[in-house]
Amino acid sequence: MSSITLQNLTKRFGATVAVNDLSLHIDDREFVVVVGPTGAGKTTTLRCVAGLEKPDDGMVLFDGQDVRSVSPAERDVAFVFQNYALYPRKTAFENIAFPLQARNLSAAEIKAEVERTARMLRIHHLLDRRPAQLSGGEQQRVALGRAMVRRPRAFLMDEPLTNLDFQLRAQMRSELKRIQRELDNTFFYVTNDQVEALSMGDRIAVLNAGTLHQVGTPQEIYEHPADLFVAAFIGSIRMNFLRCAFIADTGALVSADGGWSLPAPPRLREGAQKSKDPGQLILGVRPEDVLLSTEAGNGALEGQVYVAEPLGNHNVYNVRIGPALVRVKTPATFMLDAEARVSVQFNMARAHLFDSATEQALT
Amino acid sequence: MAEVRIENLVKVFPNGTRAVNDVSLAAPDGEFLVLLGPSGCGKTTTLRCVAGLERQTSGDIYIGERVVNDLPPGERDIAFVFQFYALYPHLSAYDNIAFPLRAVGVAADEIDRRVMRVAETLRIKHVLRKRPRSMSSGEQQRVALGRAVIRRPQVFLMDEPLTNLDAALRSDMRVELKHLQRELGVTTLYVTHDQTEAMTMGERIAVMQLGDLQQVGTPLEVYQYPATLFVASFIGDPPMNLIPVTLEGDALQGASGHLSLALAPDVAGAIRQKQSGPGLVLGVRAEDITLSGGDEGDMRGEVTTREPLGDQALYSVGLDGQFIQITTAPTTRFGVGDAISLSIDRSRMRVFDAATERALV
Amino acid sequence: MNVQNRQTRSLLGRILFWIATALILVFFLFPIYWILITAFKDRPDITQLPPRFVPWVDFQPTTFNFHEILIEMEVSQFGTATEQSPFLGQLFNSVIISGTATVVAVILGTLAAYAFSRFRIKGEGDLLFFILSTRMLPPVVTVIPLFLMFTELGMRNTFHGITLLYITMGLPFVVWMMKGFFDEVPHEFEEAAMIDGYSRLEAIWRIVIPEVIPPMLATAVFVLITAWNEFVFVQLLNPLGYTTVTPFLYAVVGYGRTEWGRVAATTVVFVSPIVIFTFLVRKYLLRGVTFGAVRR
Amino acid sequence: MTTQSITPETTRPAAKPGLRLRWLSDRLLAGTFLAPTLLLLLFITIFPLIWSLYLSFTSYNVNSDPSWLEAKWVGVDNYVYMLTTPRVWERFIESATFVVPTVTLEFLLGFGIALLFNREFKGRGLITTVILIPMMVAPLVAGLFWRFMFQADIGIVNYLIHDVLGFQPVFWLTDRTSAMISLIIVDTWQWTPFIFLISLAGLTAVPKYLYEAADVDRASTWFKFRHITLPLVWPLLLIGIIFRLMDAYKLFELAWVLTSGGPGTRVLPVHLYKIAFGDFATGRASALGYIMLVVIIALANLLVRAINRSRAAEV
């Protein structure tokens with residue numbers, strides 16, 4: 001049980017910079033999720049923490065101690081690999097017992113520890129099977145078991161749920177969260193799935209192309225994305241982005257093609273004024289912050305349904321407003337015909353404004 | 001354009017696997033029908049039989065008024081989009097798209113016109129000179145669609161065409177593909193294992209499992225009124241909560257008394273009449289349960305986890321060794337360990353027979 | 001189900017297919033069959049025209065030739081004088097020389113292959129190409145300097161000389177093959193073990209090596225076959241001591257009027273293990289004959 | 001602390017004592033693993049080659065000169081001689097006369113058989129394995145088999161030609177032209193299976209859905225062969241052909257056993273052998289050896305490039 005600190009971590013592979021000057025602190029017993037698309041440098045970061053890669057610059061500290069010269073074996077962390085890395089010739093029992101065999105433990109102690117772990121993961125009945133005889137979900141649990149069987153200073157997890165189908169993934173999410181609470185240990189978790197990040201992390205670090213974009217609680221990240229990338233990446237239905245310009249005289253936002261004009265509330269107005277070029281802004285509105293109506297409303301924009309996507313518990317309407325396509329989340333009961341003409345209203349109180357040159361949030 | 005009709009389709013492979021088991025299904029002219037199921041459920045085999053890439057063991061396949069049982073694929077007037085796109089590696093995107101027309105001797109200028117138009121619609125004009133290897137997966141996917149679209153066939157058959165794309169591209173392509181299909185009005189059979197794709201794209205969904213057809217219906221029908229336990233557990237994100245119960249008097253009772261759900265007498269009567277044994281399963285969607293801090297409600301439990309998902313919050317509540325999932329507005333703030341009570345929307349729940357796995361009400 | 005299947009279904013196609021197959025099999029297998037039955041023929045049967053094809057029908061099989069090469073050999077035309085055949089001794093040499101060379105080459109080559117597969121090595125591509133190219137050298141070119149060197153160092157007609165040579169000949173092959181196999185073992189295997197508290201050496205020994213045992217055995221078989229079959233070097237470097245079977249075979253042909261029965265019997269004894277090995281490693285044949293370049 | 005329910009009060013166990021060689025860094029380990037292989041190759045392969053490079057600039061004769069140290073330095077004379085004497089050029093041509101038809105024949109036959117066998121039929125596994133036996137036997141043995149069958153008087157080949165088919169018997173191994181033909185036949189017998197094996201691997205690796213897409217698109221059999229089969233199998237075939245070119249160019253044993261390098265089959269390696277161990281003109285032989293090496297290194301380069309390209313295509 002340790003805190004982990006990354007200080008100005010940089011890792012290059014040849015000419016590509018995999019991790020670029022990354023600083024991040026994970027408190028003891030905190031669950032931190034690093035999320036980002038493929039190639040963001042998440043896995044490299046994790047491997048640097050485990051000691052599997054040597055950083056070119058910067059350092060990794062456990063409880064404030066530089067671990068540069070500490071080998072992976074001596075760092076005393078557990079690592080769960082994306083492909084599980086289960087040994088195909090060993091049974092589930094032998095796989096889980098393997099880390100204990102490296103230590104001074106009697107066979108009886110090992111057996112007791114393995115069975116305790118297996119019971120906790122509900123794979124007690126599978127212990128004599130080999131990985132090939134286990135389903136993806138079961139293999140995943142064995143891999144977790146191998147990590148949990150000893151009491152490491154921290155758990156490092158590299159996309160452990162990616163290879164599961166989505167029903168199982170949802171189930172394992174809450175289970176992993178429960179396990180973390182029970183183990184009461186530090187979790188450093190890497191994923192490309194923003195749902196996992198939002199649902200599991202005490203805090204989330206959003207990484208792209210080796211650069212850290214934002215660190216914060218799930219709520220902060222979702223409600224106050226620091227830049228365009230975070231705004232687009234987080235959220236199960238992508239945020240809508242509309243190019244617009246701020247007209248200082250009227251205090252209105254005008255779309256890039258001049259098709260619409262909306263009065264900006266004070267918060268957005270202040271934000272717009274922060275920009276070097278208020279003529280080139282991007283308005284970001286989450287699909288749930290768009291209101292559809294079949295009746296023309298005051299200050300509403302005109303649109304036409306392009307494609308409707310019913311999802312059971314809610315609907316997503318792709319609505320054309322001029323050349324732009326806007327995604328709108330509505331309750332499942334809200335039904336529209338294909339090609340229907342609708343009026344669209346943005347909840348400007350929850351809208352975001354971005355600078356199109358710097359891509360930074362202005363609100 | 002034509003209707004596609006499958007009657008009593010059976011496919012047994014030489015090794016004895018019964019991949020498709022007496023499936024009958026019809027897609028009216030112009031419909032977007034999705035075949036949905038987990039891997040190995042027989043959906044792809046069904047599609048391949050329609051294409052003529054497999055010969056069914058028995059049963060008939062109609063395209064329009066024609067029985068096509070013995071026609072080779074080339075004569076069925078269909079287009080097939082493969083999961084791995086199946087682009088010819090040594091032809092450019094242009095030649096790949098033009099290929100089906102060249103095979104039937106369309107004039108060169110006509111070909112050029114049509115390829116250009118298709119390329120325009122699919123926004124791939126800039127890759128026409130490239131070979132598949134040097135295109136991104138999204139571009140390859142569009143070229144494969146182009147090759148299917150250009151012939152104006154009677155039927156599109158698509159085998160998981162979006163599976164190899166990343167999430168953002170996939171949701172964009174979903175919208176585009178659905179729009180394109182509606183524009184062209186071509187009957188489409190679309191195979192996928194992704195319930196989101198099925199829900200969002202299909203006019204109707206045919207859910208298959210282990211070679212059997214489980215249910216055919218509109219997305220909302222299969223979502224709200226699943227005919228079997230399998231459909232209930234396969235469709236929806238999160239999947240329907242399925243809780244073992246028994247009927248005692250006019251109330252559904254959970255195993256350990258934490259759940260008690262009084263039913264209207266006519267509903268209870270209907271269940272009693274149809275049930276094959278005492279075991280029942282209550283099915284209720286995560287959004288059809290409301291949480292409250294008080295004492296009243298149909299069941300009581302303790303919050304095991306709370307997952308903030310941005311636009312909603314997902315709670316897990318432990319009940320008799322299983323976890324009930326509830327979605328709420330993102331603003332609810334119950335903490336882990338809080339005692340809460342749950343109320344079920346009786347108008348939107350489903351009761352299944354545990355033995356036959358079929359829905360009773 | 002494509003066109004090929006439909007073709008096979010037509011009767012004419014099937015008949016033509018089996019005729020072609022039969023011709024192919026005759027071309028490739030008849031020479032082997034012919035040597036095999038010749039080994040069991042009497043001296044007169046061997047030279048008979050028309051030839052005798054079917055044992056027990058056309059001719060009476062005999063083990064006379066095997067007796068000659070394994071026990072004692074007639075040296076005069078009239079079967080009066082005999083002498084001990086050198087064959088058994090050379091067979092023994094073949095076994096221990098190629099066996100020792102194989103074991104050593106596989107062990108050393110496997111270590112090098114692991115290093116190439118897992119560590120970042122400066123100039124790795126060039127080194128690998130260098131190792132491969134040593135194997136591509138024409139033996140007639142390398143045998144000249146080797147001949148001189150072995151003579152200078154007194155390594156001709158010794159066990160360690162020829163064995164060292166066969167080890168070196170086997171190494172490039174082992175390195176290339178085993179590198180391919182190591183590449184297919186996920187590096188996470190060792191990494192997991194190392195994080196779990198093992199040293200790399202332990203991780204290799206306990207996790208990686210067990211994963212590659214079957215392909216390693218196949219690799220060993222290929223090295224063994226190469227050493228077993230080698231002729232040019234042993235002929236020139238070891239004519240007087242530690243001679244293997246191949247020079248003997250060549251010599252049997254050379255004694256004036258060729259005793260084809262003896263040649264055939266020797267060949268049968270010499271080739272049988274090869275045929276058995278071919279079946280044992282058939283899964284790895286493609287990789288083996290292309291130095292692991294083709295993996296499918 | 002919730003930990004206690006699942007974490008019994010055991011202290012973190014210490015690492016097992018004993019010889020674990022932890023001090024071995026990856027760097028050191030890499031060196032240790034590589035050293036024996038590299039040293040052996042240097043000692044047994046490279047050192048003699050350098051030595052012979054030196055000798056190629058001397059007039060050394062292993063029979064008449066007492067020691068190589070006293071051999072006379074002749075500069076590039078050996079090379080000049082080897083590259084200008086018509087006898088050597090004849091050998092180059094003889095080698096080409098062997099290599100080109102042989103590899104072509106092996107390619108056509110091997111690929112053809114692979115096409116034939118690229119389908120499901122009874123006994124496929126067994127047949128495709130036994131066909132491969134010829135390439136596993138020593139070239140020496142292959143030579144013996146055929147030398148026996150090619151005997152002018154008692155050989156089965158002439159029996160077939162003369163007694164069964166009624167043609168004139170052929171003096172297979174002694175006549176200039178027919179000796180070369182024999183050599184080509186035997187090499188084809190031995191190495192066609194190699195091309196067959198590679199081709200079959202290539203053919204079975206072509207994804208089936210490409211043919212299915214072509215079926216749906218109404219493509220002809222020729223189109224499928226030309227635009228799907230060939231381009232996808234070609235990278236592998238190329239590897240096979242280059243392997244064969246190198247091996248055929250190096251061929252020595254077969255020619256030696258079949259005709260003892262007699263008329264018509266005195267290919268380059270045989271010629272080299274005769275200079276080195278017949279005339280004992282070590283200096284000259286070394287020079288010719290180096291000339292041969294240049295060719296083989298060029299071929300090896302081609303091979304490595306072909307391998308890399310097909311690897312890249314796999315990804």
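Start in chain B of this predicted model. Select residues 313-319 and 322-328 of chain B: strands β17 and β18 run antiparallel there, joined by seven bridges. Pick B:Y315 and look across the pair. Opposite B:Y315 stands B:I326, in β18(B). Which residue takes a positive phi in this hairpin? Select B:D320, where phi is near 50 degrees. The hairpin of β17(B) and β18(B) has two residues between its strands. While the strands are on screen, recall that side chains in a regular strand alternate between the two faces of the sheet.

**Chain D against chain B**

Keep chain B and add chain D. This contact draws 14 residues from chain D and 19 residues from chain B. On the chain D side, select α10 (208-216) and α11 (221-250): these are the elements of chain D that give two or more residues to the side touching chain B. Which element gives the most? It is α10(D), with six residues. Now colour the chain D side by class. Nine residues are nonpolar, one is polar and four are charged.

**Chain C against chain D**

Hide chain B and show chain C with chain D. Here the contact takes 80 residues from chain C and 83 residues from chain D. Select residues 11-39 of chain C. That is helix α2, and the helix supplies eleven residues, the largest share of the side of chain C that touches chain D. Colour this side of chain C by class as well: 59 residues are nonpolar, 17 are polar and four are charged.

**Chain C alone**

Isolate chain C. Its secondary structure comes to 15 helices and two strands. Turn the chain along its principal axes; the C-alpha atoms fill a box of roughly 75 × 70 × 35 Å. The radius of gyration of chain C is 24 Å, whereas a compact globule of 296 residues would have one near 19 Å. How much of chain C counts as buried? The figure is 46% of the 296 residues. Take the contacts in chain C between residues at least 6 apart in sequence: 68% of them join residues at least 24 apart.

**The two domains of chain C**

Colour 3-62 of chain C as domain 1 and 87-289 as domain 2. Their C-alpha centres lie 33 Å apart. Where they meet, domain 1 of chain C gives seven residues and domain 2 of chain C gives six residues. On the domain 1 side, select α2 and α3 (43-47) of chain C, the elements that give two or more residues to this contact. The largest share, four residues, comes from α2(C). So the helix that leads the side of chain C touching chain D also leads here. By class, this side of domain 1 of chain C has four nonpolar, one polar and two charged residues.

**The nonpolar core**

Bring all the chains back. Which residues have the most contacts inside the largest nonpolar core? They are A:L156 and A:F188, in a core of 384 residues. Select residues 176-205 of chain D next: helix α9 of chain D gives this core its largest share, 15 residues.

End on A:L156. Leave aside its neighbours within four places in sequence. A:L156 is then in contact with A:L46, A:V49, A:A50, A:V77, A:A78, A:F79 and A:F188. A:F188 thus appears twice on this stop, as a contact of A:L156 and beside A:L156 among the residues with the most contacts inside the core.

Conventions:
Residues numbered from 1 in each chain as written. Chains lettered and ligands numbered in written order. Contact = placed C-beta atoms within 7 Å. Nonpolar A, V, L, I, M, F, W, Y, C, P; charged D, E, K, R; others polar. Domains from an automatic or database assignment. Rg over C-alpha atoms; globule rule 2.2 N^0.38 Å. Buried ≥ 20, exposed ≤ 12 C-beta atoms within 10 Å, placed from the backbone. Pairing = 2+ DSSP bridges. Core = buried A, V, L, I, M, F, W, Y, C linked by C-beta atoms within 7 Å.
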